[in-house]
Number of protein chains: 2
Amino acid sequence: MPTIADVAAHAGVGQGTVSRVLNGSPKVRDATRARVLSAIELLDYRPNPLARGLSRGRCQTLGVVVPFFTHASAIERLRGVASGLDGSRYDLVLFNVESPVHRDEHIASITGRDRADGLLVLSLPVADRDLQRLTAAGVPVVLVDAPGTGVPTVVTDDRAGGRVATQHLVDLGHRAIGYLGHDPSNPFGFTATDDREAGYLEVLADAGLPVRRELIRYGPHDREAGRALAAELLAEPHPPTAIFASSDAQAMGVLAATEDAGLRVPRDLSVIGFDDVELSSYVGLTTVRQPLFESGRLGVELLLAALAGDPPPPTVHALPLELVVRSTTAPAPRRHDPNHISQPRGNAR
Amino acid sequence: MPTIADVAAHAGVGQGTVSRVLNGSPKVRDATRARVLSAIELLDYRPNPLARGLSRGRCQTLGVVVPFFTHASAIERLRGVASGLDGSRYDLVLFNVESPVHRDEHIASITGRDRADGLLVLSLPVADRDLQRLTAAGVPVVLVDAPGTGVPTVVTDDRAGGRVATQHLVDLGHRAIGYLGHDPSNPFGFTATDDREAGYLEVLADAGLPVRRELIRYGPHDREAGRALAAELLAEPHPPTAIFASSDAQAMGVLAATEDAGLRVPRDLSVIGFDDVELSSYVGLTTVRQPLFESGRLGVELLLAALAGDPPPPTVHALPLELVVRSTTAPAPRRHDPNHISQPRGNAR
DNA sequence: GATCGCCGTGGAAGCGGTTCCACGACTGCG
DNA sequence: CGCAGTCGTGGAACCGCTTCCACGGCGATC
């Protein structure tokens, strides 16, 4: 591997000059610059990023902390991140989080510009102490889909989203509406779906509907959990006529459970999800769309701006939500007897 | 940020000793080691990875080159990669490839251990010249789902897979079988689906069926392309009764096109895909499963073995394929008149 | 009891860049 | 025509770590 000294020798200049050429300094005579460039060409020289990083005190790398492949939604966000990074000079290093320990380890491992020049955290809350430490160390942080103070944040109004979803069901005449979310005390500290639940509760209250605690269930955001929880709801003595699942992944499970129980969607049960992942359009799921791709992209843009010495204020950027009505929601079945719906469920367990 | 010199001063030792403690050298007296460790603790010292990398000539990072989010299958492989990397000391840097230029740029940018200690390339062929250059520079390379000489490779027998899929359709009595793949001259140089096509052609020949060129179409591996190509096939004067799509993504498009044409799957058209991405199980797509997750994981394991100084021979690891029959394939419709099937297609364009 | 290792350690020389400082040559001004 | 200022440049210090080399002290050996 040729070094800067080799280039300097070949070009007959000092290594300081080669470095200036490399970094586009204007204080190099054109003739000199040409000699250096041709020596670089001749030797097929490339600067060593490690040495450069050590010397400049930064590493041209962006860290992305992401609960990796547990949620399809994370992938969509990552796509946005990758697209926002395209054309920039930064490398992307991925910190995969599959447990709370992971999250803390990764965040603790960043102590300065030697590991990552900036940090983008997806869907995971970061302790204020860590945020302050990183900021003090000159590492800008941007949070996407998670709360945090003092740093730019990209969020959606999950409470409003919860309202929109629930209101849609209420408007269709449903009065027994189940809710599926994750446990508010989950160890990761996800908070988004808590807000969705709050929106759900508000709409129930506004509509004068009772809150039936037995219709609210918690579990992880995956299909199997959704399936199991929905099966429980459907086995209730007075089952819901509609279910709001706070993620599309859980909603997919609701669909499966409905089929298991010999019921038809949307005839016997309306289902609405949250996220609008790619799959949802294939399946025809009614859902609340949140701009996942755009959130990742905006997050990166904010981070790049901070790195470009144009520090964005710690604004909370709220991205819009949109109700996407497809084919899993329909008007509530008419009935005189509140137990009516339980009749066709012959093969439900 | 404290440096190794600070630690040395606090512990009253030389920095060489601190370094030895850091790297677990046995030639440090226990008492000394304890003093150093407590100084490290006290100062909350962490070694600077850049400096360490520069000094040792490697950077504790693995590069993964991946046609990022164009294929859902790439994601599945990446999950395997992430899981295989879990617990290792290596960081994962992602090189996103959305164009052939990208691919070449990224591969060219790796010139030694200063950028990545090893390289994992997914689904993209790498020129022998680059492979040799990287090997010479001490950067081990592992290829997954792509051909290459002189390096460990993880593949599936795509030709056999093409045979299995086609044979399944033949066994069901289909005699007019369409094929969807990508253009063999695609600029990325993907080759996997060419082999699937070869398998398709072999089975046709074995079964004594004619190769009808008009039933073979090429396009990118996404849903929209599959939809458009399938629409063309269905508009043929003698349309196929079954279609083998060489990726699940295209198969999804075939399903959509069938619906567009007012036809029913599998009654009017049997559809089989390839990959078995997560989505396929939801949709009930019959397909040929290839172990995507496992391929990524095995690739990383081979790379880590190479890095651990245990260089694996340049073996080709072939992973098994499996026919997964779901609900999009059925026996071919009986008919005396070969144009029979075209009758119900009133609203096809 | 002197010599020979060996062990544990300190110090310095890299690793390959960036950046600051000093310096010579040239320009422009009085 | 002399002097200050600018421009372009070379060289050295430095970034923070690893590793090699040299050296002092100790126990084993004869």
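**View 1. Residues around DNA strand D in this predicted model**. Let's start with the surroundings of DNA strand D: 28 residues surround the strand, and the closest are A:Thr17, A:Thr32, B:Ile4, B:Tyr45 and B:Ser55. These surrounding residues divide into eight nonpolar, 13 polar and seven charged. Helices α2 (15-22) and α4 (49-56) of chain A, along with α2 (15-22) and α4 (49-56) of chain B, each supply at least two residues of this surface. The most comes from α4(B), which gives five residues.

**View 2. Phosphate oxygens of DNA strand D and their protein neighbours**. Of the strand D atoms within 4 Å of the protein, 65% belong to sugar or phosphate, and the rest to bases. Look for the side chain of A:Thr17, where a polar atom lies 2.5 Å from a phosphate oxygen. Backbone atoms take part too: a backbone N or O atom of A:Gly14 lies 2.7 Å from a phosphate oxygen, and a polar backbone atom of B:Asn48 is 2.9 Å from one.

**View 3. Where chain B meets chain A**. Here 35 residues of chain B are in contact with 34 residues of chain A. The two chains bury about 3,100 Å² between them, 68% of it on carbon and sulfur atoms. There are two salt bridges across the interface; A:Arg115 forms a salt bridge with B:Asp91, with the closest N and O atoms 2.8 Å apart. On the side of chain B that touches chain A, β2(B) provides the largest share, six residues.

**View 4. Strand β2 of chain A beside β2(B)**. The two strands run antiparallel and are joined by three bridges. Find A:Val93, and you will see B:Val93 standing opposite.

Note on methods:
Residues are numbered from 1 along each chain as its sequence is written. Chains are lettered from A and ligands numbered from 1 in the order in which they are written. This is a predicted model: local features need pLDDT of at least 70, side-chain atom pairs count only at pLDDT 80 or more; totals for chains, interfaces and linings use all residues. Side-chain values use heavy atoms; hydrogens and water are left out. A residue is near a molecule or strand if one of its heavy atoms lies within 4 Å of it. A polar contact is a pair of N or O atoms within 3.5 Å; within protein, one must be able to donate a hydrogen and the other to accept it, and residues adjacent in sequence count only if both atoms are side-chain atoms. Helices (H or I, at least four residues) and strands (E, at least two) are DSSP runs, numbered from the N terminus. Ala, Val, Leu, Ile, Met, Phe, Trp, Tyr, Cys and Pro count as nonpolar, Asp, Glu, Lys and Arg as charged, and the others, Gly among them, as polar. Contact means heavy atoms within 4.5 Å. Buried area is the accessible area (1.4 Å probe) that two parts lose on being put together, summed over both. A salt bridge is a side-chain nitrogen of Lys or Arg within 4 Å of a carboxyl oxygen of Asp or Glu. Two strands pair if DSSP finds at least two bridges between them.
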